[in-house]
Amino acid sequence: MEKEKFLELKNMEAGYNETKILHDVSLFINEGEIVALMGPNGAGKSTILKAIFGLIPHTGNIFYEGEKIHPAPDRLVKMGIAFVPQGRRVFNNLTVEENLEIGGFFLNDKTECSRRVEHLFHLFPMLHEKRREYAGSLSGGQQQLLSIARGLMTQPKLLLLDEPTLGLAPKVVKEIFQMIKTINKNHKTAIMVVEHNLHSLLPITHRAYVLAHGKIVASDTGPVIAQSDILERVFMGKI
Ligand SMILES: Nc1ncnc2c1ncn2[C@@H]1O[C@H](COP(=O)(O)OP(=O)(O)O)[C@@H](O)[C@H]1O
Ligand SMILES: [Mg+2]
């Protein structure tokens with residue numbers, strides 16, 4: 001029997017107002033997988049994540065653990081999906097610890113919230129060290145770690161990550177990838193990640209989809225994509 005796909009999009013179309021951006025997008029992610037979405041600027045990568053999370057309307061079908069869903073952010077969080085959008089959105093005037101607590105507000109349970117914060121401090125010691133510092137005083141990389149950690153407060157089974165390393169120095173990029181690996185390994189969290197840092201990402205991904213002009217033009221395992229010329233052709237605008 002075919003393994004049930006964890007999250008699956010079938011023939012999805014989505015866009016903004018009258019403009020259709022995504023054309024017949026079908027893709028899936030299995031439990032515990034790291035799947036990359038790649039492609040040039042404007043290809044529609046963020047649009048896919050926004051449609052999955054219910055931030056923009058779509059046509060076509062989205063299945064979660066085999067059941068068709070009608071996404072809306074609050075429902076998705078309850079179902080175990082978290083979204084960390086592009087651009088390291090942290091609350092500058094709150095401390096690191098308070099930023100994490102906000103990620104757990106929906107719990108309505110102070111003890112459980114603190115337990116999760118402590119767990120994240122254990123996983124990511126840098127956040128523990130800076131727990132009383134204002135998020136606004138952190139470096140870009142530290143803010144990114146914090147915004148991902150805040151997404152983890154819901155203990156998601158699937159994490160949607162949009163461009164986590166954008167604008168970060170190479171050393172920090174490494175730390176973010178280490179963090180992604182840790183999350184995936186420790187909790188078997190499935191991670192769908194949009195990333196332009198192909199060489200750092202492909203070795204840790206199970207599969208990758210390549211997008212151009214709102215369509216999926218290739219999908220394969222990380223190493224196969226890395227060795228093919230598809231990315232080069234897509235980024236050169238030949239597709
Ligand atoms: N809020 C929006 N309103 C209108 N058009 C948008 C909006 N966001 C993105 N777009 C357009 O949708 C296309 C895909 O954008 P996006 O999904 O952000 O691409 P990517 O994440 O691959 O760089 C682009 O042409 C972009 O200009
Ligand atoms: Mg984007």
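Two charged side chains lie over the ring of F28 in this predicted model. K5 lies over the face of F28, at 4.9 Å from the ring centre. The charged end of R207 sits over the ring of F28 as well, 4.1 Å from its centre. Apart from these contacts, the structure holds three aromatic pairs, among them F6 with Y64 and F105 with F106.

**Charges over F28**
- For K5, the distance to the centre of the F28 ring is 4.9 Å.
- For R207, the distance from the charged end to the centre of the F28 ring is 4.1 Å.

**Aromatic pair F6 and Y64**
- A pair of aromatic rings is described by the distance of the centres and the angle of the planes.
- F6 and Y64 form a tilted pair, with 5.2 Å centre to centre and 50° between the planes.
- This pair links distant parts of the chain, as its two residues are 58 residues apart.
- F6 belongs to the segment before β1 (7-16), and Y64 to strand β4 (residues 58-64).
- F6 has a relative accessibility of 2%, so F6 counts as buried.
- Y64 also counts as buried, because its relative accessibility is 5%.

**Aromatic pair F105 and F106**
- The ring centres of F105 and F106 are 6.3 Å apart and the planes stand at 85°, so the pair is edge-to-face.
- F105 counts as exposed because its relative accessibility is 63%.
- F106 has a relative accessibility of 32% and therefore counts as partly exposed.

Conventions: Residues numbered from 1 in each chain as written. Chains lettered and ligands numbered in written order. Predicted model: local features only at pLDDT ≥ 70, side-chain atom pairs only at ≥ 80, totals over all residues. Heavy atoms only, no water. Phe/Tyr/Trp six-rings, centres within 6.5 Å; stacked < 30°, edge-to-face > 60°. Helix = DSSP H or I, 4+ residues; strand = E, 2+ residues; numbered from the N terminus. Buried < 20%, exposed > 50% of the residue type's maximum accessible area, 1.4 Å probe, protein only. Lys NZ or Arg CZ within 6 Å of the ring centre and 35° of its normal.
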